[in-house]
Amino acid sequence: MSLTTSLGCRRVALMLLALAAVPARADEGPAMVAHQISASAWYVQGVSALGSSANRNFISNAGFVVTPAGVVLIDALGSPVLASRLAAEIRKLTPLPITHVIVTHYHADHIYGLQIFKALGARIIAHRAAKEYLNSDTARLRMESSRRDIAPWIDAATRLVEADEWIAGDTDLTIGGVQFQIKAGGPAHTPEDLLIYLPAEKVLFAGDLVFRSRIPFVGQADSRRWIAALDDLLKIGAKVIVPGHGPLSQDARTDLQFTRDYLAYLRASMGQAAQNMTPFDEAYAATDWSAYAHLPLFGAANRMNAYNTYLLLESEGR
Ligand SMILES: [Zn+2]
């Protein structure tokens, strides 16, 4: 995620707002409620906002599946304090240990809690394409800015945690008799996107390939392949989708379509501009954003999504 530079001012403004309403350290922060999705699957839902001290970076979802052999987590949330809270929520439901964490992708809000689950003995599984990000300046700078923006919840002790098992492609895993179909969806939202499907319960954990109730974060994504991946997902027949952000979807087709249509709209509007060599500012101002302008994070993310798409389409056109 490279929101920091262009959002610097906004971040500062949000931080000041957060400081104005700074919660006492003993305060619980935003509510975390485990919602049951199917016989064995659950999820917790983050808030639709940018990460801040006030929300402790609880801006993404995490899922978990209780199998007879242990609990399999999908994503680790955005700070160690949230991960500890999630572990406590799981403990209320089962005495079984958390044995695995499957990481949908290595964006800060999904992985800064990993160290807690690692310490609890969980085996971390991710796609090997994430190694490049883990060793990048982007990851290091992101951590530095998070230590400032989400203090004290992200601090000097918060660290990036590598997977114990790097997978290279689609992988089937059976844990406690429950089948997990792990699908490599990238490069789409990120090179390392993983999606986790429980065929017996028709539940899909889609990571950030699916956003609901907010403007998606596009960043450096490959939107052409992302759209293709969503078209593939439309075929697998999931009954329920847990998106990376926003509420559970019981209407897979409509909700997959929302992210897909948004990406397609960015590509159509910015592609035309790039092709005509219309300057970005002019093209952005002339585009009709009315279908999206009311959604959370439009102000924070839409312009940059459009700009990145403009650059991407310029390079695709070359
Ligand atoms: Zn992400």
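The donor residues of the zinc ion follow the sequence spacing H-x1-H-x81-H-x18-D. The model is a predicted one, in which local features require pLDDT of at least 70 and side-chain atom pairs count only at pLDDT 80 or more, whereas totals for chains, interfaces and linings use all residues. Residues are numbered from 1 along each chain as its sequence is written, and side-chain values use heavy atoms, with hydrogens and water left out.

The zinc ion is coordinated at 2.2 to 2.3 Å by His105 (NE2), His107 (ND1), His189 (NE2) and Asp208 (OD); donors are N, O and S atoms within 2.8 Å of the metal (3.2 Å for Na, K and Ca), and sites may look incomplete because water is not among the atoms. Angles among the 4 donor atoms run from 89 to 172 degrees, and the site is irregular. Four donors would count as tetrahedral with all angles between 85 and 135 degrees, or as square planar with opposite donors over 155 degrees apart and all others between 65 and 115. Two of the ligands, His105 with a relative accessible area of 0% and His107 with 8%, are buried (under 20% relative accessible area, 1.4 Å probe, protein chains only).

The largest nonpolar core (buried Ala, Val, Leu, Ile, Met, Phe, Trp, Tyr and Cys residues joined through side-chain atoms within 4.5 Å) comprises 42 residues, and Leu204, Leu209, Ile215, Trp226 and Leu230 have the most contacts inside it. Leu230 touches (heavy atoms within 4.5 Å) Leu209, Val210, Leu256, Thr259, Arg260 and Leu263, residues up to four places away in sequence not being counted. A second, separate core of 38 residues includes Leu86, Ile98, Leu114 and Ile150.

Conventions: Buried < 20%, exposed > 50% of the residue type's maximum accessible area, 1.4 Å probe, protein only. Tetrahedral: all angles 85-135°; square planar, octahedral: opposite > 155°, others 65-115°.
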